[in-house]
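Student: I should like to understand how the terms used to describe a protein model are justified. May I ask, case by case, why each label applies?

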Amino acid sequence: MSNKEVKAALKSARDAIRNKEYKEALKHCKAVLKQEKNNYNAWVFIGLSAAELEQPDQAKGAYKKAIELEPNQLLAWQGLANLYEKSNQTDVKGDLADVYQKLLELCESGDKQKWCDVCNKLVELYHQEKKYLEVAETWQKLIKMKQEEGAEKAELHQLWKKMIHLLKDSTQDQDNKTEQLLLTAFEHAVNSADTVPGEDHQNLYKDFIQCLSKFPHETGRLEKACNDMMALYPTVSYPLEVLCLHFVQSGTLSEEAMRCFDRLLEMDASSGPGIIGLGIKCFQEKKYKEAVKSLTEGLQKTSQCPAAWHYLAEAQMKIHEHRDAVLSCNQALKALGTLEGSGLRWKNLILQLKAEALIKVPDADAAEEAIQALEQIEDASSDPVILAIRGQAYLKKGLVDQASKISQELLLSHPDLAESHALEGFIHYSQKNYEQAEKSFLNAIERKAETAVYHQYLGLTYWFMSDETKKDKGKALTQFLKAAKLDSYLGSVFCYLGNYYRDVAGDKSRARGCYKKAFELDGTDEESGTAAVDLSMELGDMDTALSILNEVTEKASTGTAKWAWLHRGLYYLRTDQPSQAVADLQAALRADPKDSICWESLGEAYLGRGSYSTALKSFRKASELNPGLVYSIYRAAAVEQILGKYENAIATYQQILNETEDYVPALKG
């Protein structure tokens, strides 16, 4: 076959392909290859025809042969790209990317439009494969080519925006290089927008700031972007909110941060981050109740801020709302899970605070939960303060040996640490070794004099050590007063001050004030509430007694606050208000149905309002629960007498006299 015949055969093959006669085309190509086995066009046409006849392996082999012959010719590469594009096999995507790369190389100095088309296809392929760095680098090459061609600012702006769109899902797991390329794209897009200020530009800036806030190490860039956006959009609160949350999360609350909080609240008094900032300001000023109020309100609006939950938990700890502090720590850990890029620092701080709160919670399983929280802290074994907390958790759980082991290790390794001596003190105190406890707490106070709980426990040690130390003004009283001065929210200290003034000093008025303060701080402290009411009654101050009781009973749910219902019921009984007495004593019995005194008092109340049958039942119930209650048995007989049940009454009187010969009311009856 001559050269002329080869050309004619190739032309016939081309015409056959044009007419979709692929088998015919293959015949012509094979004829050519018999003459010229390295004919580039023949191999390309075979590849094309085989592809159309759904013979992908043959097509691929033909294209590869053509590429081997002429590696810098476009046709075979394009054919191979088309073949791979149509393939459903996932394993060809890597090969397709290599083909696109080669096509880019071949088109770079020639057909710019074709180069751009291939570039788009390659980026799409990388995007499907989640190869974000390759997406970013390839798209940047496209933008660079457009810039060199002198593309309009508007077109470049759209290209930068497309790059942002392509990389927006990459923030979860991207490397630093991709991150930098994404942020560069944002900066170019923000600076190349046509309408400034404008809605699209504003939204773009928001997205930029949101993206920056996901990268903890980009604080400088974030602050600049927020300040730049505030300058352009002074009435938009978003950048200021992000900046405020950034300051909260960073844990460094400078004067600039405080100015941001104030400015945000001026702009929008209902802004979540602004109210959180106000709460933190209150916390720093030691206004802990106001801090709890503001932080709670702010977090209802902006809940995904672990640091703010941590501040709330700290404030709750300061006012001894330990259960609430545990819940806030749990919320902080939950928010930390959704926050990208946050380090271990917050997690460790939150877990430590959670453990400290759990140790103060009286629940049976709280100590075990505290130990579990401490086990999640990174490098906990090397931190002596965390070890001391673990020792307290063991002690609370009743594992004295483990607590003692930690205490001994800490005293050897960290003798200058207050927590080492305090743990030893807590262990001695729990074992009633008061003299050793005294030494330990004095050592702890020497190293950390401003810790209220050390003074409280030294005071308790003196209180239980002996009558002498309990009564000595320089011992228990002094320590309780120091603790109360250092921590004005420590209700249990005010309760013991009340005990001191009532039982030792005999100062009922001062004692009443201390009990009242203790109860105001802790509404669950029945001992202080009862003592405050009893002393108020003794002092003739019925208004104070009633106000305390009314406050408790208003808040009480069914079956709770027995002491308050009982006290108020007895007050109504004494002041001849039997109907109110009945209602309150019934409420007290719902909390404790086996209280014989309460049943006896209820009988009196029913009697007072003329309900004889129910009075009789109540007295009988009282004597059933406590057969030694002679008065209840006598009152039952007296009611039977009133009801005309004389035989029953006589039998009951006789029963009393058999046991108590000289019980005058029964003789009289």
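Student: Why does Lys 287 count as partly exposed?

Tutor: The relative accessible area of Lys 287 is 38%. Buried means under 20% relative accessible area, exposed means over 50%, and partly exposed lies in between, with a 1.4 Å probe and protein chains only. The value of 38% falls between these two limits, and therefore Lys 287 is partly exposed. Please bear in mind that this is a predicted model, in which local features need pLDDT of at least 70 and side-chain atom pairs count only at pLDDT 80 or more, while totals for chains, interfaces and linings use all residues. Residues are numbered from 1 along each chain as its sequence is written, and side-chain values use heavy atoms, leaving out hydrogens and water.

Student: What makes the pair of Glu 285 and Lys 287 a salt bridge?

Tutor: A salt bridge requires a side-chain nitrogen of Lys or Arg within 4 Å of a carboxyl oxygen of Asp or Glu. For Glu 285 and Lys 287 the N to O distance is 3.2 Å, so the pair satisfies the rule. Glu 285 is partly exposed as well, at 43% relative accessible area. In general, side chains of opposite charge can pair when their charged atoms come close.

Student: What is notable about phi of Lys 286?

Tutor: Phi of Lys 286 is near 65 degrees, a positive value in a residue that is not glycine. Most residues other than glycine have a negative phi. Lys 286 is placed in the loop between α15 (272-284) and α16 (288-301). A helix here is a DSSP run of H or I with at least four residues, a strand is a run of E with at least two, and both are numbered from the N terminus. With 60% relative accessibility, Lys 286 is above the limit for exposed, and therefore counts as exposed.

Student: Where does His 320 lie, and what is its phi?

Tutor: His 320 is found in the loop between α17 (306-318) and α18 (322-338). Its phi is positive, about 65 degrees, although His 320 is not a glycine. His 320 has a relative accessible area of 26% and so is partly exposed.

Student: Which parts of the chain does the salt bridge of Lys 121 and Glu 85 link?

Tutor: The N to O distance between Lys 121 and Glu 85 is 3.2 Å, which makes a salt bridge. This pair links distant parts of the chain, for Lys 121 is in helix α7 (residues 112-128) and Glu 85 in helix α5 (residues 74-86), 36 residues apart. Lys 121 is partly exposed at 40%, and Glu 85 is partly exposed at 34%.

Student: Are Asp 584 and Arg 568 buried or exposed?

Tutor: Asp 584 and Arg 568 are both buried. Their side chains form a salt bridge with an N to O distance of 2.5 Å. Asp 584 belongs to helix α33 (residues 578-591) and Arg 568 to helix α32 (residues 562-574), so the pair ties together parts 16 residues apart in sequence. Elsewhere, Lys 11, Asp 15 and Arg 18 are joined into one network by salt bridges that share partners. The rule gives a count of 30 salt bridges.

Student: How do you know that Ser 596 is buried?

Tutor: Ser 596 has a relative accessible area of 11%, and therefore belongs to the buried class. Ser 596 lies in helix α34 (residues 596-608). Apart from neighbours within four places in sequence, Ser 596 is in contact (heavy atoms within 4.5 Å) with Ala 622, Leu 625, Asn 626 and Leu 629.

Student: How does the radius of gyration of the protein stand against that of a compact globule?

Tutor: The radius is taken over C-alpha atoms, and the globule rule is 2.2 Å times the number of residues to the power 0.38. A compact globule of 669 residues would be near 26 Å, but the protein has 42 Å. The C-alpha trace spans about 150 × 65 × 55 Å along its principal axes.

Student: How many helices and strands does the protein have?

Tutor: The protein has 38 helices and zero strands. Buried residues make up 47% of its 669 residues.
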